[in-house]
Amino acid sequence: MSKLLIQGGYPLKGKVNISGFKNAAVAIIPAAILAGDICNIENLPNIEDVHVLEKILIQLGAQVSFDEEKKVMTVNSSSIKECVASYEMAKELRASYYLLGASLGRFKKAKVSFPGGCNIGSRPIDQHIKGFEALGAKVTIEHGMIHVEAEELKGTEIYLDVVSVGATINIMMAACMAKGKTIIENAAKEPHIVDVANFLNAMGADIRGAGTDVIKIHGVKKLKGCTYSVIPDQIEAGTFMIMAAATGGDVIVDNVIPKHLDPITAKLREMGVKIEEYGESIRVIGKDKTKSVNIKTLVYPGFPTDLQQPMSALLTQAQGTSIVTETIYEGRFKHVDELKRMGADIKVEGNVAVIQGIKQLSGAKVAATDLRAGAALVVAGLMAEGTTEVDCVHYIDRGYEWIENKLSYLGAKIKRVE
């Protein structure tokens, strides 16, 4: 098991290049199954979730190669005959449920174990099932396996009871080759919804309206292979923006889409941090002292839940009292106990955390409980006095590409030890 040792108190300076978007990549890779052909997926992050999906596709019968240096994965899914993904295959990541939509679209059937991933609260898949059934599939759950099967998929109108990124993407994939037109209402609008739709369209699908709350899909008879580049990771970008602010640094966050970062940019400016936006980069200039702010997580374009934990770490040293309201996942305050080990003054009541800013965190032994909690502890370690030891780094590796290398390049005193 790896751990990170962080010596706090060093301002980050320089330029950091942001990798491809994890949340888009983990949907686009399974979506390649739909083509039954060769897909070249570019700008993929070299992270654990991508490697897990690579293994799953190989186990299903695909020919897969991943050039980690060029960040390109080639997937030939023509030799996949069916999709049966066991618990051992699906347990490591939440995105394994995208195998359902992709395989239902191509083979009209799939059998996938309930997905794994970070334990951050209830993450039901009822909206996915509702969508599959509306398209004409029969869904049964036996012995922890989700079975979906249809003689024929027919386009229909589907209204999502709650805005769900996963359900929106899964229904899009399943409906690509359904007969007729499918309309998804109350669809999620996140940037990676648009990215997945663009990938599907590059394979020959006919999807319109992605990025709005109404998506229209005209079914086609066949999809084909393509070459596609994944968009930059807005969550990794936001994390580095927070780290720059936390250390009073001066960092250019490069290879980003600034519009996707508006919620975090607005909050950092409210805290007194200077932000300069350019075409594909953002410069963050931190200050010795930041002001407290209130945050409420919301679906896009609101403040992203995936940045709530890193932001909470930053607020532990902001002047005044900050109130953080988590509306997406009820289990997203597990990092709080670890931050308290470092001296943070945080009180949690239900889905609200009240953070009283203190002068200085102190280094301590802490452990990541999930992916973004791990990022929060790295933020805290960069701010703290003394050495912070972050255990359970495998969570961080799921979504951040060699985070210690990027931070070292910016001047942080950080190293990975076994």
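1. Two helices contribute to the lining of the second largest pocket in this predicted model: α8 (234-246) and α12 (371-383) each supply at least two of its residues. The pocket has a volume of about 460 Å³. Its lining comprises 19 residues, and those nearest the centre are A246, D288, K289, Q317 and K359. By class, the lining residues divide into eight nonpolar, seven polar and four charged.

2. D370 sits in the loop between β22 (365-367) and α12. Is D370 buried or exposed? D370 counts as buried because its relative accessibility is 1%, and the cut-off for buried is under 20%. The side chain of D370 has a polar contact with the side chain of Q309, at 3.4 Å. A polar atom of the D370 side chain also lies 3.3 Å from the backbone nitrogen of R372. For a sense of distance across the model, D370 and G155 are separated by 215 residues in sequence and by 38 Å in space, C-alpha to C-alpha.

3. A second buried acidic side chain can be checked in helix α14 (residues 403-409), where E404 is found. The relative accessible area of E404 is 6%, so E404 is classed as buried. Which side chain does E404 join by a polar contact? The partner is R416, and the contact is 2.7 Å. Once neighbours within four places in sequence are set aside, E404 is in contact with L4, I414 and R416.

4. Helix α5 (residues 126-134) has Q127, H128, I129, G131 and F132 as its buried residues. What do these buried residues of α5 pack against? The elements are the helices α4 (98-107) and α6 (165-175), together with the strands β8 (138-142), β9 (145-149) and β10 (157-159). Just after α5, G136 adopts a positive phi of about 110°.

5. On internal space, the count comes to one cavity of 30 Å³ or more. The largest cavity holds about 30 Å³ of space. Which residues line the largest cavity? They are P232, D233, Q234, A237, V256, I257, H260 and L261. This lining divides into five nonpolar residues, two polar and one charged.

6. For the chain as a whole, the secondary structure amounts to 14 helices and 24 strands. The radius of gyration is 21 Å, which agrees with the value near 22 Å for a compact globule of 418 residues. Along the principal axes, the C-alpha trace spans about 65 × 45 × 40 Å.

7. Burial and contact range complete the overall description. Of the 418 residues in the protein chain, 57% count as buried. Among contacts with a separation of 6 or more, 72% are between residues 24 or more positions apart.

8. Points to look at in the model are as follows. For D370, view the side-chain contact with Q309 and the approach to the backbone nitrogen of R372. For E404, view the 2.7 Å polar contact with R416. For α5, view the packing of its buried residues against elements including α4 and α6. For the second largest pocket, view the centre, where the nearest lining residues include D288 and K289.

Technical notes:
Residues are numbered from 1 along each chain as its sequence is written. This is a predicted model: local features need pLDDT of at least 70, side-chain atom pairs count only at pLDDT 80 or more; totals for chains, interfaces and linings use all residues. Side-chain values use heavy atoms; hydrogens and water are left out. Helices (H or I, at least four residues) and strands (E, at least two) are DSSP runs, numbered from the N terminus. Buried means under 20% relative accessible area, exposed over 50%, partly exposed in between (1.4 Å probe, protein chains only). A polar contact is a pair of N or O atoms within 3.5 Å; within protein, one must be able to donate a hydrogen and the other to accept it, and residues adjacent in sequence count only if both atoms are side-chain atoms. Contact means heavy atoms within 4.5 Å. On a 1 Å grid over the protein atoms alone, a cavity is a set of points where a 1.4 Å probe fits but cannot get out, and a pocket is an open set with protein on both sides within 12 Å along at least five of seven lines; lining residues have an atom within 4 Å of a point. Grid points are joined across faces, edges and corners, and a volume is the space filled by probe spheres set on the points. Ala, Val, Leu, Ile, Met, Phe, Trp, Tyr, Cys and Pro count as nonpolar, Asp, Glu, Lys and Arg as charged, and the others, Gly among them, as polar. The radius of gyration is taken over C-alpha atoms; the globule rule is 2.2 Å times the number of residues to the power 0.38.
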